Amino acid sequence: MYNVYQPTDEEIYREIVTELHRGDKAGFREKFFENHTYDQAQIYLNLDPSERAALQDYISPEELAEIYDVIDEEDQESVLGFLYDMSDQYAATVLAYMYRDNAVDILNELGDQQVRRYLHLMPIKAADEISVLMNYAAETAGSLMTTEFVSIFANQTVKSAMALLRAKAANAETIYYLYVVNDDNRLVGVISLKDLLISDSNTMITDIMSNRIVSGDVNENQVQIANKIKDYDFLALPITAETGQLVGIITVDDIIDVIDEEATSDYSGLAAVDVEEQQSFSPGQAAKSRLPWLITLLVLGMGTSTLIGRFEGMISEVATLSLFITLITGTAGNAGTQSLAVAVRRLAAPEDAEDKTLFSLILREITTGLISGLITGIVICTIVSIWQGNLALGLVIGIAMLAAITVANLAGSLIPILMDRLGFDPAVASGPFITTLSDLTSVLIYFSIASQFLVYLK
């Protein structure tokens, strides 16, 4: 038994580049196109500018469009640079062959003048379809959908539907679902490819289609669309206009990008920094982008320091109180960040929440804070009482912990909800902001409670 030798990715890359440098077009194409499209994209991204420029004589615009369709969104900035290295006609043709939604994503990052130039050089049909998609608001179903899908008519047979499918399948992004429309192009049903294949050729489509349709509106937010596809385990979701006409579909690969984008956005908010942009920043650019938040939080932190200074006399009388400042502020900050993360998630997927009203959400967080704070307070009260041999001090720490966690829980939940109601991005209520705010309130609560027990602490 002999083992079949498999070259490494690095060896494959070197062989392909060697053929490119030799000017052997046939050898290059043979080695390059025997790889999966994703691997072709990775090879393409690793070529230097002169090598990519040479590819215009080796790869057709249609072939390069297939590669661009699988390039990850985080590499889109590189793609923009690649387009400028091509002739305008070649670049326009590549964009025209791409799936419409992917082409729109790229064009939306270009200047108006360059977009007009590319659209002018494209075939009229492609330019018109792309122009329509570019007019939809960002982060809506319309901006995310593709117009390359297969629709069939309810009043035709399976045989004629199969003929239509064969004619359109090559240009469709997916054919696992076929969408059934009436003469006015209104969505009336859906049928899977499997059901179509196993049905008798003379059966009418209306007899085998499902009329229990789950669809999205063209103006619906992309997060709501993502949740529908996730909930129903769809590979694609039909998108209709306000009139009910079928105008496009959104496929699961685009939804994966949306979920990743939303997760990154939420994480960026919790960290008070754009984690995507930071990866490409120089140290100076990264520092410049972070400084506004750091200075803002520094000013808020000064408020905490000032507040502690007001209780300096109390601390000098009972120095032990200073030992537990960071314990209370740190725990409250952690509780607030936990509440914030839950609140942002709830806002991103409101249908997952059992309670819809603002009052019920506040009540839930207060209750959660009270339970968490009570248990934590009892634990720390017991530990401090035994450690310091002072029950009064244990009670002060325990009660302060209970109140601080409850307030932090409420703030972590309420602030993003209020921001959302006011039309602001709830991710702005970042983790560092909540933590700093919790420090301020926790110190106030701690020393206010301690002042009531001061006679027992001396």
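Biologist: Which residues does the unreviewed UniProt entry list for "transmembrane region"?

Modeller: According to that record, the stretches are residues 291-309, 321-341, 361-384, 391-417 and 437-457; UniProt positions follow the numbering used here, feature names are shortened, and annotations may be inferred rather than shown by experiment. The model is predicted, and local features need pLDDT of at least 70, side-chain atom pairs count only at pLDDT 80 or more, while totals for chains, interfaces and linings use all residues. Residues are numbered from 1 along each chain as its sequence is written, and side-chain values use heavy atoms, with hydrogens and water left out.

Biologist: What makes up residues 321-341, helix or strand?

Modeller: Over residues 321-341 the chain is 81% helix and 0% strand, with 31 Å between the end C-alpha atoms. Residues 437-457 are 95% helix and 0% strand, and their end C-alpha atoms lie 28 Å apart. Helices (H or I, at least four residues) and strands (E, at least two) are DSSP runs, numbered from the N terminus.

Biologist: Why is R364 called partly exposed?

Modeller: Buried means under 20% relative accessible area, exposed means over 50%, and partly exposed is in between, with a 1.4 Å probe and protein chains only. R364 has 30% relative accessibility and therefore counts as partly exposed. This residue lies in helix α21 (residues 358-388), and its C-alpha atom is 9.7 Å from that of S413, although the two are 49 residues apart along the chain.

Biologist: Why does S151, by contrast, count as buried?

Modeller: The relative accessibility of S151 is 14%, and because buried means under 20%, S151 falls in that class. S151 is found in strand β1, and, leaving aside its neighbours within four places in sequence, it is in contact (heavy atoms within 4.5 Å) with L164, K168, Y179, V181 and L246.

Biologist: How do you know that β1 and β2 pair?

Modeller: Two strands pair if DSSP finds at least two bridges between them, and three bridges join β1 to strand β2 (residues 177-181), so the condition is met, with the strands running parallel. Within that pair, I152 stands opposite V180 in β2. The open sheet has three strands in the order β1-β2-β3, with mixed pairing. Because β1 (151-153) and β3 (187-192) each have a single partner strand, they stand at the edges, and one side of each is left without a neighbour in the sheet.

Biologist: What makes strand β5 mostly covered?

Modeller: In β5 (residues 236-240), five of its five residues are buried. A236, P238 and T240 point one way from the strand, L237 and I239 the other way, and all are buried. In a regular strand the side chains alternate between the two faces of the sheet.

Biologist: Which strands join β5 in its open sheet?

Modeller: The order is β4-β5-β6, and the pairing is mixed. Since β4 and β6 each have a single partner strand, they stand at the edges, with one side of each left without a neighbour in the sheet. Helix α15 (residues 222-232) packs on this sheet and touches β4, β5 and β6, its direction making about 135 degrees with that of β5; the axes are lines fitted to C-alpha atoms, for helices over the stretch in contact, and angles run from 0 to 180 degrees between N-to-C directions. Strand β4 (residues 216-217) and β5 pair in the parallel sense over two bridges, whereas five bridges join β5 to β6 (residues 246-251), which run antiparallel. T240 stands opposite L246 in β6.

Biologist: Which members of the largest nonpolar core touch the most other members?

Modeller: Of its 56 residues, they are Y68 and M122; a nonpolar core is a set of buried Ala, Val, Leu, Ile, Met, Phe, Trp, Tyr and Cys residues joined through side-chain atoms within 4.5 Å. The largest share of this core, six residues, comes from helix α7 (residues 88-97). Leaving aside its neighbours within four places in sequence, M122 is in contact with A92, L95, A96, L107, A127 and I130. Apart from this core lies another, of 30 residues, among them L307, A332, V443 and I449.
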